[in-house]
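Let's take a walk through this protein and its ligand. Keep the structure open while you read, and find each residue as it comes up.

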Amino acid sequence: MRIILLGPPGAGKGTQAQLISKEFGIPQISTGDMLRAAIKAGTELGKQAKSVMDAGQLVSDDLIINLVKERISQPDCANGCIFDGFPRTIPQAEALAAAGVDINHVIEISVPDDEIVSRLSGRRSHPASGRVYHIVYNPPKVEGVDDETGEPLVQRDDDKEDTIRDRLAVYHKQTAALVGHYQEVAKQGENAPAYHDFDGTKEINTVRDEIFAVLKA
Ligand code: AP5
């Protein structure tokens, strides 16, 4: 099963990707997490991505497409994967299709801009695993530390209010077009991916149950 998660920054893509990954035993491919790992490791890719991400802009399509192609060739993706934060532009979607990667489900999670800003300021992450928390809506068992490793949680550099607004503007300008794109693709016959839209303002477990219901149908 291959799934694409679509939605604005902070919609809950990473949160739901982790839940789907556990339930269905397929890996989460988060291009954002991969880029942050490259920055932390000080690789050439990380050096190129850092200033772009800090400004809330998109990393170049070529870099991202190569990164994803390399990742999906790994053995753990043989039975499927969850694309979280990819594709983000029409050229990325076209590259995925051109590579012959069949998608079964496109899942859009919708949340209005106003809610995103307050949501992201409360986000805390565990970079090594990609686990995501919220100080109010999804708190860790012990404040400030990851439930499974006990390691400290961090606030992302791009979760500052100005950068969140820049990321939202980029989403509306460059990524929101994928909603219409995949709604059209979904009409193209039996083997086309199914398109589903979820209200991401509902409670995390409610969104999870609604998504699981369509994936299990
Ligand atoms: P990326 O890491 O992909 O960030 P994003 O798309 O902006 O998405 P987020 O991770 O911010 O949000 P999310 O939807 O995963 O929400 P989450 O589950 O964490 O990208 C970062 C940057 O990398 C980009 O700006 C770009 O520069 C670059 N990049 C990445 N991919 C790229 C690509 N393909 N092409 C080019 N550049 C790329 O939830 C957010 C918070 O809300 C959490 O605290 C969570 O606990 C809470 N929450 C979740 N669901 C709910 C709910 N239902 N109710 C209440 N709270 C909730």
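Sort the shell around the ligand by class and you get 14 nonpolar, 12 polar and 10 charged residues. Keep in mind that this is a predicted model. Altogether 36 residues sit around the ligand, and the ones that come nearest are T15, Q57, R123, Y133 and R167.

Now zoom in on some oxygen atoms of the ligand. R167 has a polar side-chain atom 2.6 Å from one ligand oxygen. R88 also points a polar side-chain atom at a ligand oxygen, at 2.7 Å. With G10 the backbone does the job: one of its N or O atoms lies 2.8 Å from an oxygen of the ligand. How much of the ligand does the protein bury? On its own the ligand would expose 1,000 Å², and the protein buries 97% of that.

So which elements give two or more residues to this shell? They are the helices α1 (13-24), α2 (31-41) and α6 (113-121), plus the strand β6 (131-134). The largest share comes from α2, with four residues.

Let's stay with β6 for a moment. Strand β5, residues 123-126, runs antiparallel to β6, and four bridges join the two. You've already met R123 as one of the residues that come nearest to the ligand; its bridge partner in β6 is H134. Follow the chain from β5 to β6 and you trace a hairpin, with four residues between the strands. In that turn, look for G130, which has a positive phi of about 85°.

How values were computed: Residues are numbered from 1 along each chain as its sequence is written. This is a predicted model: local features need pLDDT of at least 70, side-chain atom pairs count only at pLDDT 80 or more; totals for chains, interfaces and linings use all residues. Side-chain values use heavy atoms; hydrogens and water are left out. A residue is near a molecule or strand if one of its heavy atoms lies within 4 Å of it. A polar contact is a pair of N or O atoms within 3.5 Å; within protein, one must be able to donate a hydrogen and the other to accept it, and residues adjacent in sequence count only if both atoms are side-chain atoms. Accessible areas come from the Shrake-Rupley method with a 1.4 Å probe; for residues, only the protein chains shown count as cover. Ala, Val, Leu, Ile, Met, Phe, Trp, Tyr, Cys and Pro count as nonpolar, Asp, Glu, Lys and Arg as charged, and the others, Gly among them, as polar. Two strands pair if DSSP finds at least two bridges between them.
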